[in-house]
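User: Please take a close look at the empty space in this model, both the open pockets and any enclosed cavity. I would also like to see how the elements around that space are arranged.

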Amino acid sequence: MPDLFSKQLLQWHSRTPRPLPWDDGPRDPYHIWISEIIMQQTRIEQGTPYYLRFVSRFPTVQALALAPEDVVLKYWQGLGYYSRARNLHKAAKVIVSEYHGRFPDTYDRLLKLPGVGPYSAAAIASFAYEQPYPVVDGNVKRVIARYCGIRESIDQPSGHKAVSMAAGDFIRGVSPSLFNQAIMNFGALVCKPKGPLCHTCPVAKRCFAFQNDVVESLPTRSKKKSNRERYLHFIVFRQKQKCLLIRREEKDIWKGLFTPPLLETKSTRSPSAKQLRAVALKLLGHHDIHLVGSSPVVTQKLSHQTLHGRFHFIEIHSAPLTLPEDGAWVSAKKIAEFARPKMVAEINLTR
């Protein structure tokens with residue numbers, strides 16, 4: 001028999017629907033999977049255009065598996081967390097080669113796919129197959145921690161387990177897909193991190209946090225990780241209206257994406273002429289160059305890093321003698337074909 005919390009939540013959801021990206025399209029595990037991976041770090045309103053563009057280019061798991069990684073990363077551009085796109089690509093290949101193109105239909109098999117963790121597996125299992133697995137994201141953790149009075153830190157195993165167990169109890173006896181959609185939307189629209197709508201909340205009378213005046217102190221979290229400040233200098237070599245781009249292969253941010261040659265220093269201060277000549281000699285085989293100018297500092301915040309970037313535009317007077325491995329001279333017409341991080345994509349490199 002459904003819990004009163006679940007009944008009230010589903011009644012609220014029926015009056016306040018918030019469509020997911022795949023609601024108006026194919027309701028199959030492939031499209032649900034793509035949507036859930038995109039929405040993990042993105043609000044629905046922001047992520048939907050990216051989702052629609054991605055599935056338009058890769059309408060099936062076979063299409064995704066057959067696509068070159070560069071193309072997949074290009075269609076992911078702007079979403080960040082590019083390891084998710086690479087894992088999507090890897091998982092698509094696994095589904096095609098090991099499952100003959102048929103999506104795994106059990107939670108345990110879904111968990112074996114690259115990049116699919118408990119959250120994504122539960123989402124696919126419940127939305128596509130109506131299997132009773134609760135989707136435990138940040139919204140769900142907040143709702144249940146407040147409603148049930150869970151004081152363990154929700155970013156620690158004990159807190160996550162307590163929330164998951166409570167969610168598992170609430171999902172019994174109701175449609176798993178409707179429950180998961182309802183509780184995630186409820187956390188986004190009503191039980192918000194700041195300024196929750198407690199006085200119009202349909203479950204406030206039984207909510208531990210509201211009844212005990214601890215809404216603002218739940219859920220609890222461990223101390224935040226320290227933020228790392230990084231100073232990135234992009235060396236934009238240009239010749240004949242083309243610029244040099246290099247694919248990043250380091251185990252670091254933006255792996256697989258293209259950027260101009262990059263120097264990382266300890267400040268936003270421009271590299272010295274000696275440093276610029278050294279980079280040119282290494283990449284071009286000579287240092288017959290001229291610094292045209294440098295951009296202002298542009299800043300981008302990642303989960304635990306803040307990036308401060310500057311672009312230094314350099315004209316080359318002599319033809320390059322060498323080409324770096326994984327490097328390419330790119331024209332203004334072709335540059336859109338290269339997957340670039342947001343910070344780079346927003347700068348006109350070939351002006």
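Analyst: What follows goes through the pockets, the cavity, one helix pair and a few local features.

The model is a predicted one. Rolling a probe the size of a water molecule over the atoms shows where empty space is left.

The largest pocket holds about 1500 Å³ of space. Its lining is made up of 42 residues, and M39, Q40, Q41, D137 and G138 are the closest to the pocket centre. Five elements each give two or more residues to this lining: α2 (29-39), α6 (82-98), α8 (118-129), α9 and α11 (176-189). By class, the lining of the largest pocket consists of 16 nonpolar, 14 polar and 12 charged residues.

The second largest pocket has a volume of about 560 Å³. Here 21 residues form the lining, with G80, Y81, Q300, L302 and S303 closest to the centre. Two or more residues come from each of α6 and β6 (298-301). Helix α6 is the main contributor to the lining of the second largest pocket, giving three residues. The classes in this lining are seven nonpolar, eight polar and six charged. Helix α6 thus appears in the lining of the largest pocket and also in that of the second largest pocket.

Turning to enclosed space, the structure has one cavity of 30 Å³ or more. The volume of the largest cavity is about 120 Å³. F186, C191, C201, V203 and C207 are the closest to its centre among the 15 residues that line it. The lining of the largest cavity has 14 nonpolar residues, no polar ones and one charged residue. The largest share of this lining comes from α9, with three residues.

Helix α9 therefore deserves a closer look, since it gives the largest share of the cavity lining and, by the DSSP numbering of helices, is also listed for the largest pocket. The axes of α9 (residues 138-148) and α10 (residues 157-170) come within 10 Å of each other and cross at roughly 85 degrees. Angles of 65 to 115 degrees count as roughly perpendicular, so α9 and α10 are roughly perpendicular to each other. On the α9 side the contact is made by V140, K141, I144, Y147 and C148, which meet H160, V163, A166, A167 and F170 of α10. Sorted by class, the residues of this contact are eight nonpolar, one polar and one charged.

Some local features remain. The structure has nine salt bridges. One of them joins R230 and D252, whose closest N and O atoms are 2.8 Å apart. This pair links distant parts of the chain, 22 residues apart: R230 is in strand β1 (residues 228-239), while D252 is in the loop between β2 (242-247) and β3 (258-259).

Two backbone details lie in loops. L218 and P219 are joined by a cis peptide bond, with omega at about 0 degrees. P219 belongs to the loop between α12 (208-211) and β1. H100, which is not a glycine, has a positive phi of about 55 degrees. The loop that holds H100 runs between α6 and α7 (107-111).

How values were computed
Residues are numbered from 1 along each chain as its sequence is written. This is a predicted model: local features need pLDDT of at least 70, side-chain atom pairs count only at pLDDT 80 or more; totals for chains, interfaces and linings use all residues. Side-chain values use heavy atoms; hydrogens and water are left out. Axes are lines fitted to C-alpha atoms, for helices over the stretch in contact, and angles run from 0 to 180 degrees between N-to-C directions. Helices (H or I, at least four residues) and strands (E, at least two) are DSSP runs, numbered from the N terminus. Angles under 35 degrees count as roughly parallel, over 145 as roughly antiparallel, 65 to 115 as roughly perpendicular and the rest as oblique. Contact means heavy atoms within 4.5 Å. Ala, Val, Leu, Ile, Met, Phe, Trp, Tyr, Cys and Pro count as nonpolar, Asp, Glu, Lys and Arg as charged, and the others, Gly among them, as polar. On a 1 Å grid over the protein atoms alone, a cavity is a set of points where a 1.4 Å probe fits but cannot get out, and a pocket is an open set with protein on both sides within 12 Å along at least five of seven lines; lining residues have an atom within 4 Å of a point. Grid points are joined across faces, edges and corners, and a volume is the space filled by probe spheres set on the points. A salt bridge is a side-chain nitrogen of Lys or Arg within 4 Å of a carboxyl oxygen of Asp or Glu.
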